[in-house]
Structures are given as structure tokens and as C-alpha cells.
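This note is offered to a colleague who is meeting the structure for the first time. The points below are numbered and may be read beside the model.

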Amino acid sequence: MAEVLLEMKSITKTFPGVKALDNVNLKVEQGEIHALVGENGAGKSTLMNVLSGIYPYGTYDGDIIYNGEVCQFHKIKDSESKGIVIIHQELALVPYMTIGENMFLGNERGKKYNIDWNLTYSEADKYLKMVGLTDSSKTLVKDIGTGKQQLVEIAKALAKNAKLLILDEPTSSLNETDSRALLDLMLEFKKNGMTMIIISHKLNEVAYVADKITIIRDGSTIETLDCKKDDISEDRIIKGMVAREMTDRFPKRKDVKIGDTMMEVKNWTVYHPEFTERKVVDDVSINVRKGEVVGIYGLMGAGRTELAMSIFGRSYGIGITGELILNGTPVHLTSPKNAIEHKLAYVTEDRKGNGLVLTNSIKINTTLANLDALSKNKVIDQDKEYEVAVEYVKKLRTKTPSVEQNVGNLSGGNQQKVLLAKWMFADPDVLILDEPTRGIDVGAKYEIYCIINDLAAAGKSVILISSELPEVLGMSDRIYIMNAAKIVGEMPASEATQENIMACIVKSGRGE
């Protein structure tokens, strides 16, 4: 029997009005990959924050036993000194610093007031090689892609002599190729004796790498499955996560009524704001009709987000040319404010960075995009603002003790609902949804799919951008395929399959 490296016993953690963890138990053996799964808000990240010292000893009840020793971590440095290193879902890298500088930030090489840069970069290159990254450690982080940035975070953890590596949604921002490469790297680390805990909503990836799976629901441990002995099918795991079977991942549309063209984009071209000769959107033409859900699929870097943001009041890109027609009328949108005034909304893929004000309440975030509807003589009616927020919390079934709760304290799925509420309250005619279910669990995804269907049923025009091909296929009436900044295919949902869409991308890459 393998030696137990970590045991968390009877962990209970309470926030004002919410018991986030209720007598949770977790046992991780030396050299295994142990997956934590559960709905958003189930308590997975909270449990790992307790383990790593982000929530210090004394703010929770229960015991952490690591390597046979009862531990009391008061800060992250305490857990890292034992070899416990956590990599969060939001990468903690500074874009305008080099890879090497990032890797040893707070863990500098050299004397107290004199950094040894030769040692810094030589060690950085050594750890980069271990994760299979060939870029120089003197490269700026902003100049490498998201997949490589994730590898830098892992190299950074290795430089801290990680013995237990915790990865929180490590593939949420990666394409399929980069995701598989990262999972294979984890398996290599396992062969070399490293122990890992992975938090992920991608159950196929969990099944690919995990030795054991612990399911957490509503702050409590439900069960731990042994991947060699137990049924670890997605249906089985989902039932444990949500306490019910989900026979259909995508809700059926009822009474589909698709009307006239609501938005048309013609010959749209956008250049990169820094590399000004590079086209990020190249002569793209698309349209969406009233009551229609149009999917846009493409591999990472295809230009989907650049297209969406440039349409939304030219909030990305330079040298933009082309024509935008809303409800039959050509318009020239010069700012996001201008776009909102023309009933256009953009739900960003980066809800924490660009979509929400995390230090503000649900109430304030919900009404931000349409304050005029609550104001008289530029004074906000706070009673009305409260009523609106309560209405959307009920409508979208957002889990929160109060609309005065800071959005930063919500789970990812509930943050996403607040972001949707913000744009629904703005009452747009066209909603562009960019990765609306990224990093959220299957139960919350289903609820958001229902919201999308309701918006379409109300006659809204919806553009759904997603890296998850099953999601695009399951939710769209019609699908555009993007590759290398161009639209390389269009097909109705009735003709669309994963094979057809991927063949379209591959052929375009060959110049056919």
C-alpha cells in the first residue's frame, strides 16, 4: 500500500453567511495524481487555499497532516517551504518581465540586495527544459502564448522544489493540443515520483490522468473513486457532483422562430495594436438573425476574440476597415459606450479582468452597463438598483446570501451569471458571448445554456464563441469556422459534425 503524503481531516471553513467547507476529508498518497471535482462553489479551491496557507491556520477548523507531521500554515511561504506549491487558474505572471524574472519573483537568486542574474537565467533555462519549453528565459512573458505561460508557471513551481503540486483548472485557457501536452507532462512528473492534485471541470481530462477522484458537493466530501476499480464514466461523476443524472447536456430549444437579419459584418479587417502589420481579422463577413444562436468555432489564435472585441465599439485593434450593419442601418461604433447605445453587448472571456469589478457588490456589477435606467438627474436610485439586482439573482438562480456580496467572493459559475445579468439588464438586441462557460462546472453550464435559449426565444440575436466544439454543436443554429484570422467555413447545425468542422480547419491550413 502506498504511503499517505497528505491527509486533511474534518476541515471546516466559514465565511460570513456561508459555510464553504463542512467537515471535508481528503487523503492523497505519495506519487499519485488526485483529482478534485465538483460544481462551482462546492469548495474545491477553498480547500486548496486552506492547504496552501492562503487561508491561514486559525481561520478554519480541522487538521492538515503532511508527510506524517501536523502542519499549521500561516502564509503561503510556510506551505511552500514544505514543497506544497499551488498554481492558480488565473496565471500570476507579469507580462512585461522576462520568463526568468517571473520564475524567481519572490524567490530571487543571489544575495539579499544583489540578484545574481547569470544564476537566475541559467537556473530558469534548466527548469524550462524540464517542462519542455525551448524559449529563452530572457523572453518577455507577453511574447509567449497562454499554453507556454502555463508551462512557465509549472517551471516556477519546480524551482520552489515542489513535492506536492496543486493545479487549479490548468487547461481552462488552453486549446486541445496544449491541454493534452500539459496532461502528458503531468504523467511524466508522476513517473518521476511527484504527487499532484488537479482541480478540473473537464472530466475527460480527469479520467486521462487521475489515479483517484474525490467528489465535493456543497462543501462536503461525497466520495473518493479509485480509477482502477470504480466506474469513472462522466455520467457517474456528474451524478455525484450534482446529486442527479444529467441525461442531456444541452437543453432543447422550443418554438424556434428565426427572423430577419439583425447584425451584419462585411469585409471586416483588423490589425494587431502592437505588431501593426499583422492582420488578426482578415476580410471577415458574418451575420446573425433575430432569435438565432450563431456559433463561432476556431482553434486558439484563430481571431475569434479579436473579431468580437473589434465589433464591440472597436475595443481592440487598429486600422479597422469594413462595414457593420445593425437592423438594416450601417453604423460606425467608436467606443464600447457607443456600442451599448446601439443595443450591442459583449460578454468577455475574461470575466475577472475585464468583465466584473471584483471588489464591488453583485448589485453594483449588475447595473453597471445601464445606469441611465436607474438614474434621475445623474443620481442613482439605490432602491431601484437593489430591486434590479434581486430580480436578476432570482431569474438566473445565482447562489449568494445577498446582492451586497462582493462578486470576488462568488464561485466562477455565479460570477458568470452576474456578468450575464449585467448585459441582460442593458437590454441588447445582439449579445456576443465569448467563452461564456469557461472554467465552470456542468451544472452551471446547463443553467447558462438555458439562459442563452431564453434570450434567443425572446428574439435576441446571440453569437456564441467557444473553444469547446461539443458546446458549439449543441447550442448553435448555424456555425462559422475561423482559422488564421479568416472565416474558412459556414454550415447549418444540421450538417455540422466535429469531423466536418475539423476537416474545414485542416484544409484551410493546407491552403486548399
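1. The model is predicted. A suitable starting place is the N-terminal end of helix H4, which is capped by aspartate 116. A side-chain oxygen of this aspartate lies 3.2 Å from the backbone nitrogen of asparagine 118.

2. Helix H4 itself comprises the 14 residues 117-130. At 1.5 Å a residue it should span 20 Å, and its end C-alpha atoms are indeed 20 Å apart, so expectation and model agree. Beyond the helix comes glycine 132, which has a positive phi, near 80°.

3. Which residues of H4 are buried? They are Thr120, Tyr121, Glu123, Ala124, Tyr127 and Leu128. Because these residues cover an arc of only 165° around the axis, they are on the same side of H4. On the other side of the helix, Asn118 and Lys129 are exposed. The cover over the buried residues of H4 includes helix H3 (99-103), strand E8 (114-115) and helix H5 (146-158).

4. Attention may now pass to an open sheet of six strands, arranged in the order E6-E9-E10-E3-E11-E12 with mixed pairing. Its edge strands, E6 (84-87) and E12 (220-226), each pair on one side only. From one strand to the next, the twist averages 20°. As background, strands of a sheet pair through backbone hydrogen bonds, either parallel or antiparallel.

5. At one edge of this sheet, E6 is joined to strand E9 (residues 164-168) by four bridges, and the two run parallel. Within this pairing, isoleucine 84 stands opposite leucine 164 of E9. Helix H5, already mentioned as part of the cover over H4, lies across E6 and E9 and runs at about 165° to E6.

6. Another helix, H8 (residues 234-242), lies across strand E3 (33-37), strand E11 (212-217) and E12. The angle between H8 and E11 is about 30°. In the loop between H8 and strand E13 (261-271) is alanine 243. With neighbours within four places in sequence set aside, alanine 243 is in contact with Arg217 and Ile238. Alanine 243 and arginine 217 are 26 residues apart along the chain, and their C-alpha atoms are separated by 8.4 Å.

7. How many of the nine residues of helix H1 (residues 44-52) are buried? Eight are, so the helix is largely enclosed by the rest of the structure. The buried residues are Lys44, Thr46, Leu47, Met48, Asn49, Val50, Leu51 and Ser52. Glycine 53 follows H1 and has a positive phi, near 90°.

8. Strand E18 (residues 344-347) is covered on both faces. Leu344 and Tyr346 are buried on one side, while Ala345 and Val347 are buried on the other. Four bridges pair E18 with strand E21 (residues 430-434) in the parallel sense. Opposite tyrosine 346 stands isoleucine 432 of E21.

9. Two backbone values deserve a reader's attention. Most residues other than glycine have a negative phi. Glutamate 169, however, has a positive phi near 50°. This glutamate lies in the loop between E9 and helix H6 (176-191). Is glutamate 169 buried or exposed? At 4% relative accessibility it falls under the 20% limit and therefore counts as buried.

10. The second such value belongs to alanine 485, whose phi is positive, about 80°, although this residue is not a glycine. Alanine 485 is found in the loop between strand E23 (478-483) and strand E24 (486-492). With a relative accessible area of 5%, alanine 485 is buried.

11. A further loop residue is glutamate 292, placed between strand E14 (279-289) and strand E15 (293-297). Its relative accessibility is 1%, so glutamate 292 counts as buried. What is glutamate 292 in contact with, leaving aside its neighbours within four places in sequence? The contacts are Ile258, Lys460, Ser461, Val462, Asp477 and Arg478.

Notes: Residues are numbered from 1 along each chain as its sequence is written. This is a predicted model: local features need pLDDT of at least 70, side-chain atom pairs count only at pLDDT 80 or more; totals for chains, interfaces and linings use all residues. Side-chain values use heavy atoms; hydrogens and water are left out. The expected span of a helix is 1.5 Å times one less than its number of residues. Buried means under 20% relative accessible area, exposed over 50%, partly exposed in between (1.4 Å probe, protein chains only). The arc is that of the directions from the helix axis to the C-beta atoms. Contact means heavy atoms within 4.5 Å. A polar contact is a pair of N or O atoms within 3.5 Å; within protein, one must be able to donate a hydrogen and the other to accept it, and residues adjacent in sequence count only if both atoms are side-chain atoms. Two strands pair if DSSP finds at least two bridges between them. Axes are lines fitted to C-alpha atoms, for helices over the stretch in contact, and angles run from 0 to 180 degrees between N-to-C directions.
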